[in-house]
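Subject: A structure for you to look through

Dear colleague,

I am handing over the structure below, and after it you will find my notes on what came out of it. Please keep the structure open while you read, and look up each residue as it is named.

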Amino acid sequence: MNHSRSNAGAPREPDLPPYQVVLSETDWGSLETPFGNGEDLPEVLSRLLTPDPRVQVNALSELGEMVGHQNTIYEATAPAAMYVAGILTHPAATTPRPYRNVPIRAALLSWLASTAYDEIAGRTEQHFPDFLAPGTIVASFRDLRPMLYRAVSPFLRDSHEDVREAAVIAALILAEHPALAEHRDHLAVHARSILDTSGNGHNQRVAQKALEAWGHDATDSGPFLEGSWDWGPHSDGRSYLEPPF
């Protein structure tokens with residue numbers, strides 16, 4: 001798969017390390033999770049590559065709880081996200097979801113989007129200015145966005161509609177990082193497509209907020225389903241792992 005950029009003179013986002021390296025060289029037992037440390041994470045992450053889609057779905061749900069409990073970023077969140085981004089091109093990511101002809105890749109992309117979404121962190125920063133200071137857990141995780149974007153962007157024009165839409169939403173969220181500002185005009189085209197064609201109210205809200213934040217007109221978009229803007233890995237149960245399984 002060609003990851004090259006059309007503008008050869010522009011700086012390139014860094015590549016992710018191979019997922020096998022992330023898994024084997026991360027000291028998971030030393031990393032904080034909401035339930036202690038991450039010593040159980042390698043087993044959960046490995047199950048994402050099994051050929052059984054039910055096992056994959058359950059592993060992704062467990063992973064969200066273990067590194068994103070209550071929409072919080074932990075020390076183990078960053079390497080877990082790097083692993084998930086690293087397996088997007090793995091053959092196991094093409095496994096159809098149970099009861100749905102949708103590749104599990106769409107759920108992986110949605111997991112990345114929900115994990116990267118940090119409006120809660122933005123609100124916290126208003127009251128605790130040092131919350132996002134360089135070197136903090138949240139700031140370090142945010143700095144992975146260019147690397148994660150590089151893994152996500154090849155799927156912006158995926159042949160499968162669900163994968164394509166999940167990739168767009170993840171890219172819109174990741175592109176809030178200043179280092180990715182050059183991609184925003186290009187992503188605005190994809191955001192407009194979400195507004196025009198998506199039946200997912202949440203995704204339409206993500207697209208509209210991105211367009212507004214980046215100075216693009218979103219006023220002529222059609223009506224979409226209203227609902228709470230709060231979103232994260234577990235804000236509505238399992239938004240990216242809806243039943244039936």
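A good place to begin is leucine 48, which, not counting residues up to four places away in sequence, touches Gln56, Ala59, Leu60, Leu63, Tyr83, Val84, Ile87, Ala92 and Leu108. Leu48 is also named, together with Leu63, Trp111, Val152 and Leu172, among the residues that touch the most other members of the largest nonpolar core, which has 71 residues. Helix 9 gives this core its largest share, namely ten residues. As background, nonpolar side chains in soluble globular proteins tend to be buried together.

Before going further, please keep in mind that this is a predicted model. The mean pLDDT of the protein is 83, and 77% of its residues reach 70 or more. Among the elements, helix 2 (residues 41-47) has the highest mean pLDDT, 98, whereas helix 6 (residues 119-127) has the lowest, 48. Two stretches call for particular care in reading: over residues 1-9 the pLDDT stays under 50, and the model has ten contacts for them beyond four places in sequence. Over residues 224-239 the pLDDT is likewise below 50, and this stretch has 45 contacts in the model beyond near neighbours in sequence.

As for the overall build, the secondary structure comes to eleven helices and two strands, and from the N terminus on the elements run α-β-β-α-α-α-α-α-α-α-α-α-α. Of the 245 residues in the protein, 50% are buried, and the protein exposes about 11,700 Å², of which carbon and sulfur atoms supply 52%. If we take the contacts between residues at least 6 apart in sequence, 65% of them join residues at least 24 apart.

Which residue of helix 2 would be worth following next? I chose leucine 45, which is found in that helix and is buried, with a relative accessible area of 0%. Leaving aside neighbours within four places in sequence, leucine 45 is in contact with Leu23, Trp28, Leu63, Ala80 and Tyr83. The C-alpha atoms of leucine 45 and valine 84 are separated by 8.0 Å, although these residues are 39 residues apart along the chain.

Valine 84 belongs to helix 4, where the buried residues are Thr77, Ala78, Pro79, Ala80, Ala81, Met82, Tyr83, Val84, Ala85 and Gly86. That is ten of its ten residues, and helix 4 is accordingly described as mostly covered. Its buried residues pack against helix 1, helix 2, helix 3, helix 5, helix 7 and helix 8.

Helix 4 also takes part in the one aromatic pair that the structure holds. The ring centres of tyrosine 19 and tyrosine 83 are 5.7 Å apart and the ring planes stand at 90 degrees, so the pair is edge-to-face. The pair links distant parts of the chain, with tyrosine 19 in helix 1 (residues 19-25) and tyrosine 83 in helix 4, 64 residues apart. Tyrosine 19 is buried at a relative accessible area of 18%, and tyrosine 83 counts as buried at 0%.

Is helix 5 enclosed or open to the outside? Twelve of its 13 residues are buried, so helix 5 is largely enclosed by the rest of the structure. Among these buried residues are Leu108, Leu109, Trp111 and Leu112, and the buried residues of the helix pack against helix 3 (53-68), helix 4 (77-86), helix 7 (137-142), helix 8 (145-152) and helix 9 (161-174). The length can be checked as well: at 1.5 Å a residue, the 13 residues of helix 5 (residues 104-116) should span 18 Å, and the end C-alpha atoms are 19 Å apart, which agrees.

Finally, here are some residues with more access to the outside. Glutamine 70 lies in the loop between helix 3 and helix 4 and is exposed, with a relative accessible area of 61%; its phi is near 55 degrees, a positive value in a residue other than glycine. Asparagine 71 is found in the loop between helix 3 and helix 4, has a positive phi of about 55 degrees although it is not a glycine, and is partly exposed at 27% relative accessible area. Lysine 209, in helix 11 (residues 201-213), counts as partly exposed at 39% relative accessibility.

With best wishes

Methods: Residues are numbered from 1 along each chain as its sequence is written. This is a predicted model: local features need pLDDT of at least 70, side-chain atom pairs count only at pLDDT 80 or more; totals for chains, interfaces and linings use all residues. Side-chain values use heavy atoms; hydrogens and water are left out. Helices (H or I, at least four residues) and strands (E, at least two) are DSSP runs, numbered from the N terminus. The expected span of a helix is 1.5 Å times one less than its number of residues. Buried means under 20% relative accessible area, exposed over 50%, partly exposed in between (1.4 Å probe, protein chains only). Contact means heavy atoms within 4.5 Å. pLDDT is the predictor's confidence in each residue, from 0 to 100. Rings of Phe, Tyr and Trp (its six-membered ring) pair if their centres lie within 6.5 Å; planes under 30 degrees apart count as stacked, over 60 as edge-to-face and the rest as tilted. Accessible areas come from the Shrake-Rupley method with a 1.4 Å probe; for residues, only the protein chains shown count as cover. A nonpolar core is a set of buried Ala, Val, Leu, Ile, Met, Phe, Trp, Tyr and Cys residues joined through side-chain atoms within 4.5 Å.
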